[in-house]
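User: I should like to learn how to read annotated positions and strand arrangement in a structural model. Could we take one as an example?
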Amino acid sequence: NMAVNILAIETSCDESSVAVIQDGRVIRSNIISSQIEIHKKYGGVVPEIASRKHLEALPFVVQEALSEAEADFKDIDGIGVAYGPGLVGALLVGLSYAKAAAYAIEKPLIGVHHLEGHIHAGFLEYPDLAFPLVALVVSGGHTSLVYLPKRGAYELLGQTRDDAAGEAFDKVARHLGLGYPGGPQIQQAALQGNREKLVFPRAWLEKDSLDFSFSGLKSSVLNYLNQCKMKDEAYDIPDIAAGLQEAIGDVLATKAVVAAKKKKVPTILLAGGVAANLRLREMLQEKAGQENINVLWPSPVLCTDNAAMIGCAAYYKYLRGEFSDLTLNAVPNLSL
Ligand code: KG4
Ligand code: ZN
């Protein structure tokens with residue numbers, strides 16, 4: 001039995017990442033070139049700049065990924081690439097490279113849904129992770145609850161109707177002058193705050209709904225901030241950060257546990273950049289623990305955008321023969 005090596009490319013937002021993944025579980029390399037320093041001064045990702053930076057960086061990131069893996073294109077069995085959702089221009093850069101590479105080495109092109117990638121960070125971290133499970137994917141771009149009855153099958157149980165959880169962290173952080181990306185800064189500030197002092201609204205939506213909404217929460221926090229400023233009253237950034245983190249964590253953790261109970265799964269897998277949030281993990285563990293549900297999350301480098309997770313998802317598609325043809329296009333709002 002020969003090993004299967006996938007070269008994977010991820011360019012859906014502001015990370016140019018390339019990985020070489022062997023048999024869906026060995027990370028031979030996972031190079032992540034972040035553009036964060038460039039976008040920081042604008043307070044968020046500027047799409048056109050992101051595309052241009054991917055175009056400049058990608059050939060070098062590919063070289064680095066191959067050399068760290070001590071591999072050559074002749075060792076590669078398939079090219080995995082995230083083709084949506086994401087920024088269209090950014091996706092097109094990775095996709096064009098992937099198509100050219102697949103064509104040149106005469107190996108299959110394997111288009112991967114970015115969320116399927118985030119979920120597979122869990123299968124890289126825990127290769128023997130059993131089905132069924134519920135995944136909570138929380139990042140700057142998405143907030144989705146996904147049911148996985150078996151490998152390769154996904155049922156979207158709920159998603160955000162407006163802002164993503166990470167977006168709520170980022171937007172409030174920006175107004176507090178905490179910088180971008182906001183999630184880690186809010187988490188840091190919240191450590192010095194009182195999480196019970198400011199109780200911000202939780203949008204539970206309709207009974208039984210597993211959807212999310214964070215724009216009301218964001219507005220409520222910003223209103224509070226503006227009120228304080230108008231009345232010339234002092235406000236406490238750590239308390240605001242702690243109150244925001246608590247409101248987001250409460251809704252995410254509660255709904256994830258409801259979803260897991262509804263689908264009768266023993267495991268909740270946390271994924272995406274916001275999975276790094278320590279308070280969210282704590283709340284989720286507490287609520288899930290009461291129902292004897294296990295909670296898992298991948299290590300930080302696999303939680304934020306990276307190509308290793310795309311390579312893992314691509315490997316299982318490779319085994320199933322789910323190949324894309326060279327007409328594959330970027331789909332900015334691709335559904336799961
Ligand atoms: O998965 P990711 O790298 O990119 C997207 O696909 O969006 O996630 C980035 C998001 C940002 O919104 C960032 O603020 C958030 O993840 N994030 C956090 C933490 N670390 C990153 N949010 C809360 N707490 C954290 N510790
Ligand atoms: Zn992502």
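Analyst: We may begin with one residue in this predicted model. Val138 lies in strand β6, which covers residues 133-138.

User: Is Val138 buried or exposed?

Analyst: A residue is read as buried when 20 or more other C-beta atoms lie within 10 Å of its own. Val138 has 31 such atoms within 10 Å, and is therefore buried. Leaving aside residues up to four places away in sequence, Val138 touches Thr143, Ala165, Gly166, Leu252, Gly272, Val274 and Ala275.

User: Which residues does the UniProt annotation "binding site" cover?

Analyst: Such an annotation may be inferred rather than shown by experiment. Here the unreviewed UniProt entry lists Val137, Val138, Ser139, Gly140, Gly141, Asp170, Gly183 and Asn277 under "binding site". Gly141 is found in the loop between β6 and β7 (143-148). Gly141 counts as buried because 23 C-beta neighbours lie inside 10 Å. Beyond residues up to four places away in sequence, Gly141 touches Cys13, Pro85 and Ala164.

User: What is the strand order of the open sheet of five strands?

Analyst: To read a sheet, one follows the pairing from strand to strand. The order in this open sheet is β3-β2-β1-β4-β5, with mixed pairing. Its edge strands, β3 (26-34) and β5 (109-113), each pair on one side only. Within the sheet, β1 (residues 5-10) and β2 (residues 15-22) pair in the antiparallel sense over six bridges, and Leu7 stands opposite Val20 in β2.

User: Which strands does helix α4 touch?

Analyst: Helix α4 (residues 114-125) packs on the sheet and touches β1, β3, β4 (78-84) and β5. The direction of α4 makes about 90° with that of β5.

Definitions and conventions: Residues are numbered from 1 along each chain as its sequence is written. Chains are lettered from A and ligands numbered from 1 in the order in which they are written. This is a predicted model: local features need pLDDT of at least 70, side-chain atom pairs count only at pLDDT 80 or more; totals for chains, interfaces and linings use all residues. Helices (H or I, at least four residues) and strands (E, at least two) are DSSP runs, numbered from the N terminus. A residue is buried if 20 or more other C-beta atoms lie within 10 Å of its own, exposed if 12 or fewer, and partly exposed in between; C-beta atoms are placed from the backbone. Two residues are in contact if their C-beta atoms, placed from the backbone, lie within 7 Å. Two strands pair if DSSP finds at least two bridges between them. Axes are lines fitted to C-alpha atoms, for helices over the stretch in contact, and angles run from 0 to 180 degrees between N-to-C directions.
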